[in-house]
Amino acid sequence: MSSQPKQQPAQEQSSADRAIRSPAAVTIFLAVMGISLAADLFSKHAVFKSLLDDPALPQRIENIRAGYGQDIAPADILRSLRLQRRLCPGVRLSLSTNPGVVFGLPMPRLIVGITTLLAVVLVFYFFATSDRSA
């Protein structure tokens with residue numbers, strides 16, 4: 001019969017060892033979050049500005065409205081325009097919008113807002129309760 005040492009129960013992490021108590025960890029967390037948000041918004045702005053700077057665009061939109069009727073949705077106008085710009089050989093920007101959430105599935109805005117808020121809270125919770133050295 002072999003005797004194995006008893007395993008000690010995992011020690012509870014003290015609140016002083018949590019990442020939320022570390023100014024450096026909080027600074028890095030906020031910096032990554034801010035840079036990510038800024039990069040996302042800037043890239044979207046740059047793509048929309050680049051693809052929507054065509055002087056003939058108002059006339060093209062009017063032609064689409066005349067063909068479909070004045071009550072055409074803006075997303076349908078964007079799809080009909082098929083706006084694209086070649087950046088370099090093999091790379092092309094195409095303007096598209098997602099009418100839904102995942103795979104374009106429609107979902108009420110309230111559900112999207114609640115789900116997004118829940119995801120942000122969970123990310124913050126995982127950060128706040130993580131070990132500051134991990």
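1. Surface. The chain exposes an accessible surface of about 11100 Å². Carbon and sulfur atoms account for 64% of that area. These values come from a predicted model.

2. Burial. The chain has 134 residues, and 10% of them count as buried. The cut-off for buried is under 20% relative accessible area.

3. Elements. The chain holds four helices and two strands. Read from the N terminus, their order is α-α-α-β-β-α.

4. Contacts along the sequence. Take the contacts in the chain between residues at least 6 apart in sequence. Of these, 54% join residues at least 24 apart.

5. Helix 2. This helix covers residues 57–68, twelve in number. At 1.5 Å a residue it should span 16 Å, because the expected span uses one less than the number of residues. The end C-alpha atoms of helix 2 lie 17 Å apart, which agrees. Gly69 comes just after helix 2 and has a positive phi of about 105 degrees.

6. Packing of helices 2 and 3. Helix 3 spans residues 74–81. Helix 2 packs on helix 3 at an angle of about 110 degrees, and the two axes are 10 Å apart. The pair is therefore roughly perpendicular, as angles from 65 to 115 degrees count as such. The crossing of helix 2 and helix 3 is right-handed.

7. Residues at that contact. From helix 2 come Leu57, Arg60, Ile61, Ile64, Arg65 and Tyr68. They meet Ile77, Ser80 and Leu81 in helix 3.

Technical notes
Residues are numbered from 1 along each chain as its sequence is written. This is a predicted model: local features need pLDDT of at least 70, side-chain atom pairs count only at pLDDT 80 or more; totals for chains, interfaces and linings use all residues. Side-chain values use heavy atoms; hydrogens and water are left out. Buried means under 20% relative accessible area, exposed over 50%, partly exposed in between (1.4 Å probe, protein chains only). Contact means heavy atoms within 4.5 Å. Accessible areas come from the Shrake-Rupley method with a 1.4 Å probe; for residues, only the protein chains shown count as cover. Axes are lines fitted to C-alpha atoms, for helices over the stretch in contact, and angles run from 0 to 180 degrees between N-to-C directions. Angles under 35 degrees count as roughly parallel, over 145 as roughly antiparallel, 65 to 115 as roughly perpendicular and the rest as oblique. A crossing is left-handed if the near helix is turned anticlockwise from the far one by less than a right angle, and right-handed if clockwise.
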